[in-house]
Structures are given as C-alpha cells and as structure tokens.
Amino acid sequence: MCGIVGYIGKRQVLPILIKGLKRLEYRGYDSAGVAFFHQEEIKLQKSVGRIQELEKKLDYSLSSHIGIGHTRWATHGKVTIMNSHPHQIGKITIVHNGIIENYLTLKKELESKGYLFQTETDTEVACALIDWIKKNNSSLKMVDVLNEAMKKLKGSYAIVVMVQDEQDKLYVMKKESPLVIGIGKEEYFVASDFSAYLDDTKDYIILEDNEIGVTSMDNVSIYQNGILKDYVVKTLNEEVEIATKGEQEHYMMKEIKEQSQLIQKWNTLYFDQKEKLPDITSYQRIHIVACGTAYHAGLIGKYLLEKNTDFEVNVYVASEYRYQKNFLDKNTLVIAISQSGETADTLACVKMAKEKGATTLGIINVYNSSIARVVDFVIYTHAGCEVAVASTKAYTSQVYVLGLLALEYQSKKEKKNTYQELPVKINKLMEYDYSTIVKHLYQKKDIFYLGRNIDYVSMLEGSLKLKEITYIHSESFPAGELKHGPISLIEEDTPVIALITHEETAAKTISNIKEVKARGAYVVLIIEDGIVDSIDKNCYDEVIYLPKTDEYTCPILSIIPLQLIAYYTAKKKNLDIDKPRNLAKSVTVE
Ligand code: F6R
C-alpha cells in the first residue's frame with residue numbers, strides 16, 4: 001500500500017528509483033511517479049497504471065543524482081495523474097504514505113491563506129502546510145520547519161521531502177508508517193521497506209515515530225523534537241531475501257509450492273526461538289488480533305490451543321478490537337499475527353495492549369517490521385518473502401507456529417505430530433488435476449464454501465483466496481447454518497465446496513451436502529481419506545481426498561486444494577493473479 005523510494009548519491013537517480021519502485025510493487029498501487037533534480041530544477045513525471053507506463057515517459061538521458069519516487073494506492077481521490085505523487089507546492093515536493101486525518105481542517109486553513117488545491121489528496125495539503133511554514137518562518141532551518149509541520153499533522157505518514165533551495169538534501173519524516181534509510185558508500189537510499197534496495201546495501205536506519213532524517217551525499221542525521229539524536233545502524237543478514245519467480249509463471253504458484261519445502265525449516269527455526277518466549281501459562285487471558293488471512297490463522301490457533309490445552313483463547317479482527325471493551329490488563333497475553341508486520345490496525349492494537357499493561361507476542365513474517373519491533377516477544381514465521389498479494393505460505397507458517405504452541409502446552413502429553421510427513425502429502429495435493437472443477441467455477445458469479453468447526457475456518461480462508469484473485473463472489477458458511485438462511489441462495493448449478501476432515505462432524509456435514517445437492521448445487525467435496533466408511537456418490541460431483549492426517553497438520557493440508565482451486569480459476573480467467581485489483585500487500589492505513 002503506497003511505496004516510497006528516494007536516492008541521493010553519485011549514481012544516476014532514475015534507474016535506481018525505478019528499480020526500487022518495482023521491488024515495492026507487491027505492496028499494491030494504481031499509479032506511480034518520480035521527482036528529481038535536473039540542472040537545479042525539480043522535474044516531475046507521473047502516470048497511472050503500472051510502473052512500465054511511467055518508464056515510457058521518462059527521459060533517462062536527464063542527469064540527476066537526487067530524487068524521490070512513489071507508487072500510490074488511492075485513498076483520497078480517484079486514480080488520476082493529478083492525484084498521483086509526488087506533489088509539489090511552492091518550493092516543496094513530497095511523496096507520502098499514510099493518511100493525514102485532519103487534512104480537511106488544514107485545507108480550510110491553508111485555503112484562507114491563499115493556497116489553491118488542484119487535487120483531492122491529503123498529501124497536497126501536507127505539502128502546502130510545509131511550504132507555508134517555510135515561507136512564513138524564513139529563519140527556521142528545514143528540520144525545524146518539518147518539526148513544526150509534524151505538530152500540526154494528525155494521522156499516519158512517511159514523507160520524503162525535496163526542497164528547491166536545498167539541492168543536496170533529502171528530508172524524511174515518519175509517524176506510524178514505515179520508512180527506512182539505507183546507507184551505501186557515499187550514497188543513501190530511502191524506502192518503505194528493505195526489499196527496495198537490498199542488493200545495494202544491507203545497512204539501514206529504521207526511522208521511529210516522530211523522527212526526522214536529513215540525508216546529504218555524505219551524511220545522515222536524525223532528529224526528534226528538533227533535537228539531533230544518535231541512531232543505530234542495523235545490518236541485515238540472511239533473514240531478508242530478494243524474491244524471484246523462479247520457473248513459475250506467478251509468485252503465487254511459487255509460494256504455494258514452497259509450502260512443502262518450508263516445513264522442515266520451520267521446525268528447526270521455531271525451536272530455536274522457543275527459549276525466548278513468555279511463559280504462556282502465567283496469563284489469564286489470551287487474545288489473538290489480526291486481519292484477513294492472518295485472522296483466519298488466528299481462528300485455527302484458537303481451535304488448536306483450546307482443544308489441546310487449558311487456555312481460553314479469543315480471536316479478534318484488529319480493526320474492531322480497538323473499539324470494543326477488551327478487558328486488557330497485565331494478566332492478558334495479546335498475540336498479534338501479521339505477515340508484513342506493518343498492518344496499521346494490528347499495530348495499533350499492539351500499542352493499545354501495551355499501554356494497558358498486557359504482554360504482547362508477535363507471530364510475524366517480515367524481520368524487523370514495525371510490529372516485530374513493538375511487541376514484547378516475537379516469533380518469526382520464516383516463510384520467506386511473500387510477493388503475491390494473496391497470502392499462502394505465510395498463512396500456513398502462521399498455522400504451523402500456532403500448532404507448535406498448542407503442542408508445547410498440550411494438557412495430555414502425548415506425542416501426536418505428523419509434521420514430518422506433511423511435505424509428501426502436500427505434494428500429492430499439488431498433483432491433483434483441478435481442471436474439471438475449474439471449468440465449472442470460472443464463469444460463476446457466486447461460490448459457497450461449507451465446513452464445520454475447524455473446517456469452517458479453513459473454508460473462510462479458502463473463500464477469501466478465491467474472491468481475492470478471481471473476483472467471484474464467495475462466502476463460507478458453517479454447514480449447520482445453511483438451513484437458517486443461506487440455503488435460499490442455492491439454485492441449479494450453484495457451486496458449493498465442502499470440507500470434511502473430522503469424524504465427529506462428518507455425518508452431519510454430509511447431510512448438509514445432500515441438502516444442497518438436492519437443490520441442484522454442483523458439489524466439490526474435499527474429504528480426508530478413510531474418515532467415513534463409504535460416501536454416497538450421488539452427494540457430490542467431484543471429490544478430492546486429503547491424505548490422512550492429524551488435527552495439527554490437517555488445517556495446513558486442507559488449505560492446499562483451496563489455494564490451488566483459487567489459483568487455477570484465476571488463471572483460467574486470465575487475471576493478474578499476483579496483483580489483484582484494489583488490493584495491497586501491506587495495509588499500512590487503518
Ligand atoms: C489475504 C491477505 C490479507 C492479509 C491481511 C493482513 O490473502 O493477504 O487478508 O492477510 O491484510 O496482513 P498481514 O498479515 O500483513 O498483517
């Protein structure tokens with residue numbers, strides 16, 4: 001969700017900005033732009049659509065060594081060139097990620113001072129504010145101008161500023177949106193995350209909230225409240241990788257396939273981190289907070305923990321958690337699950353939980369991300385860089401970690417763990433031919449997913465995957481709820497996908513499938529091998545058998561065919577699988 005890059009150094013800036021923007025593409029965007037100094041003038045170039053469109057407009061022969069770039073994921077105003085960043089007012093040019101919450105109030109104030117706004121964005125208002133403060137306080141240094149601006153801006157922002165009078169500097173300011181400064185040899189890089197410039201430098205300053213950074217060709221300084229402060233340079237090691245598609249057509253397929261190879265790695269790495277965990281038994285309440293797919297992983301975690309331990313676990317959608325009564329105190333452990341570690345709602349929950357005295361534990365994929373830095377304890381999921389917007393391997397890694405936690409604290413100390421056999425079983429599901437099912441699904445408007453208990457949760461995730469990348473409306477229902485309303489939606493040929501992995505609910509779910517089949521549904525049944533003696537062949541159209549498994553590994557195995565059904569259906573529809581419309585990989589606004 002919005003990517004920011006910046007460069008100051010001896011090399012030509014345009015190729016560096018474009019490379020960085022391409023690396024940040026995964027975050028999601030709908031327009032892009034750059035600004036750079038060329039012969040004492042700030043040049044702007046913007047375009048809507050993909051970065052390739054911007055590239056077509058750039059004149060690479062224009063020499064420049066300082067510049068900024070941006071991919072915009074529209075929040076305030078339509079996807080237009082006018083609304084795209086960078087924005088320029090007077091001597092100030094900026095790119096911005098985040099949301100200025102009080103921009104309408106500021107806009108009115110600035111309009112009364114004579115500013116005319118051309119865009120619908122909050123960013124243009126921030127730009128005008130900085131310009132106004134600078135113009136009216138000629139004795140202030142630029143750092144102090146930005147410090148004054150910070151006092152007036154409410155909301156979240158990572159902003160990079162170019163100033164017409166200061167052609168040898170880039171300024172950055174940050175509150176609640178991520179921003180890092182990469183340190184090269186007589187060159188500095190600015191980016192929303194490390195992945196933009198990993199091959200250029202592994203040394204980074206991670207800006208903290210309310211900090212302002214000033215980079216010149218040979219120096220970087222960090223300020224807080226206008227006062228110069230020390231900073232720490234963090235050197236990244238193998239925790240961060242630059243992802244490539246390899247031989248796969250899409251990142252999503254590469255990431256689905258990787259799941260079987262990652263299991264062994266997860267096993268070793270989790271146990272390395274175990275020592276650093278809090279004693280979970282010392283808390284009265286466990287709350288899990290997360291969004292989207294990570295929330296579904298949390299629901300699986302609740303199931304596994306409650307079934308096998310004596311903990312009561314409640315799972316909350318992060319964007320709701322903050323606004324409800326949540327009984328947070330020192331006896332609460334709040335587990336925040338997040339692939340990116342940057343999700344604004346989840347981050348806000350962690351901060352709130354800490355303020356109220358709770359202990360926080362992050363289950364995070366991205367090393368050193370904002371949530372990973374804020375929580376008291378962190379378990380890294382080590383799924384590697386996930387590029388496809390639709391999360392796959394990050395989800396299974398989260399489920400895996402939650403399963404290991406449940407195993408560790410299980411009340412009956414029996415050894416039941418079939419993780420070792422998972423890779424072979426996953427591969428078996430990869431080989432299944434999904435084409436007949438996909439042929440039935442790809443032109444449909446609605447698809448329904450059914451399951452009971454933990455299978456219902458897996459279906460929530462399966463249904464989310466489908467809607468994200470195929471744009472087909474889909475919903476998941478607890479199978480038993482069908483008769484209480486949703487069954488009215490079933491008509492001739494409506495696709496219904498049902499999942500059965502537990503013996504105790506199998507017979508009941510099969511009855512529900514028969515009910516939809518009797519009303520003409522096209523039924524795909526995914527069922528664990530050997531779970532029922534025999535199934536009436538008339539109750540489904542297609543069947544996928546899941547290899548026999550146990551309750552810990554079953555949610556990992558059951559999601560594989562659902563990920564693949566979504567993937568192949570999107571492929572059949574010829575859609576942009578890795579970058580589905582309107583979605584961002586890293587949701588850094590609330
Ligand atoms: C769906 C998906 C999203 C994310 C959600 C939370 O495929 O990826 O639903 O799960 O935006 O993101 P993280 O895990 O980065 O906090």
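**Warm-up: placing a serine**

In which strand does Ser338 lie? Ser338 belongs to strand E18, residues 332-338; helices (H or I, at least four residues) and strands (E, at least two) are DSSP runs numbered from the N terminus. Before going on, note that this is a predicted model, where local features need pLDDT of at least 70, side-chain atom pairs count only at pLDDT 80 or more, and totals for chains, interfaces and linings use all residues. Residues are numbered from 1 along each chain as its sequence is written, and side-chain values use heavy atoms, with hydrogens and water left out.

**Exercise 1. Describe the surroundings of Ser338.**

Step one is accessibility: Ser338 has a relative accessible area of 2%, so it is buried (buried is under 20% relative accessible area, exposed over 50%, partly exposed in between, with a 1.4 Å probe and protein chains only).

Step two is contacts, meaning heavy atoms within 4.5 Å. Setting aside residues up to four places away in sequence, Ser338 touches Ala294, Thr343, Ile363, Ile364, Asn365, Ile371 and Gln398.

Step three turns to the side chain of Ser338, which reaches the backbone nitrogen of Gly341 at 2.8 Å.

Finally, compute a distance: the C-alpha atoms of Ser338 and Ser586 are 9.8 Å apart, with their positions 248 residues apart along the chain.

**Exercise 2. Work out what surrounds helix H5 (residues 142-152).**

Begin with the buried residues of H5, which are Met142, Val143, Val145, Leu146, Asn147, Ala149 and Met150. A useful reminder: an α-helix has 3.6 residues a turn, so residues three or four places apart point the same way.

Next, list the partners. The buried residues of H5 pack against strands E6 (92-100), E7 (155-163), E8, E12 (211-215) and E13 (220-224), and against helix H4 (122-136).

Now look at one of these partners: Leu170 lies in E8, residues 166-175. Leu170 counts as buried because its relative accessibility is 0%.

Asn147 of H5 also gives a distance to check: its C-alpha atom is 9.8 Å from that of Ile227, 80 residues away along the chain. Ile227 sits in strand E14 (residues 227-229) and counts as exposed because its relative accessibility is 56%.

**Exercise 3. Find backbone angles of interest at Pro86, Glu176 and Phe327.**

For background, most residues other than glycine have a negative phi, and most peptide bonds are trans.

- Pro86: the peptide bond from His85 to Pro86 is cis, with omega near 0°. Pro86 is in the loop between strands E4 (66-72) and E5 (87-89).
- Glu176: phi is positive, about 60°, although Glu176 is not a glycine. Glu176 lies in the loop between E8 and strand E9 (180-183), and is partly exposed because its relative accessibility is 31%.
- Phe327: phi is positive here as well, near 55°. Phe327 occupies the loop between helix H8 (318-321) and E18, and counts as exposed because its relative accessibility is 53%.

**Exercise 4. Summarise the whole protein chain.**

Count the elements: the chain has 16 helices and 25 strands.

Then check the overall dimensions. For 590 residues, a compact globule would have a radius of gyration near 25 Å, and the chain agrees at 25 Å (taken over C-alpha atoms, the rule being 2.2 Å times the number of residues to the power 0.38). The C-alpha atoms fill a box of roughly 85 × 50 × 45 Å along the principal axes.

Close with burial and contacts: 61% of the 590 residues are buried. Of the contacts between residues at least 6 apart in sequence, 72% join residues at least 24 apart.

Conventions
A polar contact is a pair of N or O atoms within 3.5 Å; within protein, one must be able to donate a hydrogen and the other to accept it, and residues adjacent in sequence count only if both atoms are side-chain atoms.
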